[in-house]
Amino acid sequence: MEAAKVPQQRGEQLLDAAVRYAEERHWDVCPGTWLEAAEGAERCSCGADGCAVPGAHPTGPDWAGQATGSGAAARRMWSRQPKASILLPTGRGFDAIEVPESAGFLALARMERMGLPLGPVTCSPDRRMFFFVLPGAAARSDGLVRKLGWRAAAIDLAGRGEGHYVTGPPTRVGGRGAVQWVRRPTPANRWLPDAEELISPLAYACAREAADARTRL
């Protein structure tokens, strides 16, 4: 049975999303690489063989300086290259806590039962989840996890802050699928939570997943 094909991503979806992020959420947006048809397949516009994240990474080292919080500027950028991926720089309007998808869904269910305030959450095709939190989380996440008795690297939890980015939906990563919202940006989650509010359930879920992975070896 042939594997289901990912629907073709229409350029205007990316343009509309980029403008919306800038205008409605006041997030900086930056156009990244894109997918190009080549010999019956799709390749990253960077041209590198074996690109790790085809069609979903910065176009150059100066990418952060190209980011804009203007909806009009975003419209011009994506009008010039409608297939460009959407990169959302962290360390500006928000930071992100990155965890494995399985641990993320486990933690999310627990947070909802606890009634914790939650911001937007994305899920990438490589099975990673990103919880949007107030800026400053990346610098504090290691220390917060250490206070709970774990090492962030050992349980596969990482903070993304200044100098990093998350990929914004509906960017498609090669043939793997598209980045999706697990919790969409809404007026209700405009005010982001502090990392300290979410770190305990996230770290617990990551530690549990890491322990389960060790027992399967």
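1. Two strands are taken as paired if DSSP finds at least two bridges between them. The structure described here is a predicted model.

2. An open sheet is formed by 3 strands, in the order β1-β4-β9, with antiparallel pairing. β1 (30–31) and β9 (165–167) are the edge strands; each has a single partner strand, so one side of each has no neighbour in the sheet.

3. Strand β4, residues 86–89, pairs with β9 in the antiparallel sense over 3 bridges. One of the residues involved is Pro 89, whose bridge partner in β9 is Tyr 165. The pairing of β1 with β4 is also antiparallel, and it runs over 2 bridges. Here Pro 31 stands opposite Ile 86 of β4.

4. The side chains of β4 point two ways: Ile 86 and Leu 88 one way, Leu 87 and Pro 89 the other. All four of these residues are buried.

5. The largest nonpolar core has 26 residues, and the members that touch the most others are Ile 97, Val 99, Phe 131, Leu 157 and Leu 202. Two or more residues come from each of β5 (95–100), α4 (101–114), β6 (121–123), β7 (128–133), α5 (137–147) and α6 (195–216). The element giving the most is α6, with 8 residues. In soluble globular proteins, nonpolar side chains tend to be buried together.

6. Ile 97 may serve as an example of the contacts in this region. Leaving aside residues up to four places away in sequence, Ile 97 touches Met 129, Phe 130, Phe 131 and Val 133. Its other contacts are Leu 157, Ala 158, Ala 195, Ile 199 and Leu 202.

7. A second core, separate from the largest one, has 22 residues. Among them are Ala 17, Trp 27, Ile 86 and Trp 181. Ile 86 is thus a residue to look at twice, since the sheet also has it opposite Pro 31.

8. Helix α6 has 22 residues. From its first C-alpha to its last it reaches 31 Å, close to the 32 Å expected at 1.5 Å a residue. At the N-terminal end, α6 is capped by Asp 194: a side-chain oxygen of this residue lies 2.9 Å from the backbone nitrogen of Glu 196.

9. The buried residues of α6 are Ala 195, Leu 198, Ile 199, Pro 201, Leu 202, Ala 203, Ala 205, Cys 206, Ala 207 and Ala 210. They pack against β5, α4, β7 and α5. An α-helix has 3.6 residues a turn, so residues three or four places apart point the same way.

How values were computed: Residues are numbered from 1 along each chain as its sequence is written. This is a predicted model: local features need pLDDT of at least 70, side-chain atom pairs count only at pLDDT 80 or more; totals for chains, interfaces and linings use all residues. Side-chain values use heavy atoms; hydrogens and water are left out. Helices (H or I, at least four residues) and strands (E, at least two) are DSSP runs, numbered from the N terminus. Buried means under 20% relative accessible area, exposed over 50%, partly exposed in between (1.4 Å probe, protein chains only). A nonpolar core is a set of buried Ala, Val, Leu, Ile, Met, Phe, Trp, Tyr and Cys residues joined through side-chain atoms within 4.5 Å. Contact means heavy atoms within 4.5 Å. The expected span of a helix is 1.5 Å times one less than its number of residues. A polar contact is a pair of N or O atoms within 3.5 Å; within protein, one must be able to donate a hydrogen and the other to accept it, and residues adjacent in sequence count only if both atoms are side-chain atoms.
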